[in-house]
Amino acid sequence: MKKILFASTALVATAGVAAAELTIGGSARFGLAYNEAETNETRIEQRMRVNITGIAETDAGVKLEARFRLEANEDDHENSISGRGPGAAGFAVSFGGLRVDVGNVSNVLDSGDQVDYYGYGIGFTSFLEANSNFNGPATGFGAGSADATTIKARYTVGDFSASLSYKETRAQAAVAAVAGNAGSAAVAADEEYQLGLGYTLANGMSIGAVYSDTDTAGDYWVIGLNGTAGAIGYTVMVGDGDNQQDTSISASMNYEVSSATSIRALVADGGVTGADTAYGIGFRHGLGGGVTLAGGVGSDSSSNTKADLGVSFSF
């Protein structure tokens with residue numbers, strides 16, 4: 001799951017609004033990353049993200065949000081670095097147990113509303129995640145432009161929650177000349193619907209399911225279970241769809257050795273024909289002040305060895 005820490009706020013007085021604020025915060029990381037599949041196997045990994053969010057709340061308790069992201073990172077294949085943003089904006093309105101997001105926002109699967117689709121990632125870059133051998137649709141909030149507007153609604157009552165998202169991507173497709181007319185362009189639409197349900201059990205264990213229907217990828221479903229047992233946090237996930245030949249299954253674990261140090265392990269199998277089992281092991285150690293030293297080593301679904309070591313921090 002992606003986590004963002006907003007560290008600074010500015011309060012603004014607005015007529016007719018109970019409260020308003022602007023938050024600026026984000027995260028950064030740098031270190032070394034290795035991928036034997038690349039021409040330059042070892043590279044300097046670096047990334048910085050800044051999220052700017054405006055928040056307002058009416059006297060009636062309706063909360064409104066708007067945000068966009070700035071980002072700078074390296075090129076995986078070269079020695080260049082680049083930046084992008086401000087990105088397309090995402091908006092949200094929430095009241096009571098209902099929240100509606102629209103714009104540059106995540107769909108049900110990517111947002112983690114009902115299923116922990118990413119689990120406990122390996123390394124400080126999370127180069128392996130629980131969905132490594134899953135071939136489902138994924139889109140999320142990011143820097144730069146977005147290919148379409150996403151609409152997502154989530155309603156929570158007690159331990160039960162339900163989510164629904166919709167996205168329509170339109171692209172211009174060339175049309176051949178007919179009856180002597182010059183070629184023209186037609187709009188090709190790719191619609192995506194996602195529905196998710198989740199329930200939190202009394203012992204803190206959560207179970208959820210997401211169903212997705214996309215014009216190009218067809219039907220896709222995922223069922224996930226996650227929770228904690230003492231010092232161990234875990235996720236288990238299974239999924240399948242029209243764009244997979246085999247059912248995907250994964251498990252990830254985080255073991256708290258101490259209050260500052262944890263060990264992570266992950267395995268994922270199945271998916272498309274020819275995919276190998278992905279697996280990895282890594283560690284994370286808190287240095288204080290929001291700074292974490294982390295690293296790991298593993299093998300992806302193409303049997304490529306990957307590893308990294310570096311620091312990440314929030315601000």
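Which residues does threonine 235 touch, not counting residues up to four places away in sequence? In this predicted model, the residues touched are Asp116, Gly119, Tyr120, Ala130, Leu225, Asn226, Ser250, Ala251 and Ser252. Threonine 235 itself lies in strand β13, and the notes below start from the whole chain before returning to that strand.

**The chain as a whole**

- The chain has 315 residues, and 37% of them count as buried.
- Its secondary structure consists of 18 strands and 1 helix.
- Taking the contacts between residues at least 6 apart in sequence, 49% join residues at least 24 apart.
- The accessible surface of the chain is about 16,100 Å², and carbon and sulfur atoms account for 58% of that surface.

**Strand β13 and its two partners**

- Strand β13 covers residues 232-241, and 7 of its 10 residues are buried, which leaves the strand mostly covered.
- One partner of β13 is strand β12, made of residues 218-229; the two strands pair in the antiparallel sense over 10 bridges.
- Within this pairing, tyrosine 220 has glycine 241 of β13 as its bridge partner.
- β12 and β13 form a hairpin with 2 residues between them, and glycine 230 in the turn has a positive phi of about 65 degrees.
- The other pairing listed here is with strand β14, residues 246-256, which runs antiparallel to β13 and is joined to it by 8 bridges.
- In that pairing, isoleucine 232 stands opposite tyrosine 255 in β14.
- β13 and β14 are also joined by a hairpin, this one through 4 residues.

**Threonine 235 within β13**

- Threonine 235 has a relative accessible area of 5%, and buried means under 20%, so this residue counts as buried.
- The side chain of threonine 235 makes a polar contact with the side chain of serine 252, at 2.5 Å.
- Serine 252 also appears in the list of residues that threonine 235 touches, as do Ser250 and Ala251.
- Leu225 and Asn226 are included in the list as well, and so are Asp116, Gly119, Tyr120 and Ala130.

**Two serines with positive phi**

- Serine 126 is not a glycine, yet it has a positive phi of about 50 degrees.
- Serine 126 is found in the loop that runs between α1 (108-111) and β8 (150-157).
- The relative accessible area of serine 126 is 22%, so serine 126 is partly exposed.
- Serine 303, also not a glycine, has a positive phi of about 60 degrees.
- Serine 303 lies in the loop between β17 and β18 (305-314).
- Serine 303 counts as partly exposed because its relative accessibility is 38%.

**Confidence of the model**

- The average pLDDT of the chain is 87, and 86% of the residues score at least 70.
- Confidence is highest in strand β17 (residues 291-299), at a mean of 98.
- Confidence is lowest in strand β1 (residues 6-11), where the mean is 38.
- Over residues 1-17, pLDDT stays under 50; the model has 38 contacts beyond four places in sequence for this stretch.
- Residues 174-179 also have pLDDT under 50 throughout, and for them the model has 8 contacts beyond four places in sequence.

Key: Residues numbered from 1 in each chain as written. Predicted model: local features only at pLDDT ≥ 70, side-chain atom pairs only at ≥ 80, totals over all residues. Heavy atoms only, no water. Buried < 20%, exposed > 50% of the residue type's maximum accessible area, 1.4 Å probe, protein only. Contact = heavy atoms within 4.5 Å. Areas by Shrake-Rupley, 256 points an atom, 1.4 Å probe, with all protein chains shown as cover. Pairing = 2+ DSSP bridges. Polar contact = N/O pair within 3.5 Å; in protein donor to acceptor, adjacent residues only side chain to side chain. pLDDT = per-residue confidence, 0-100.
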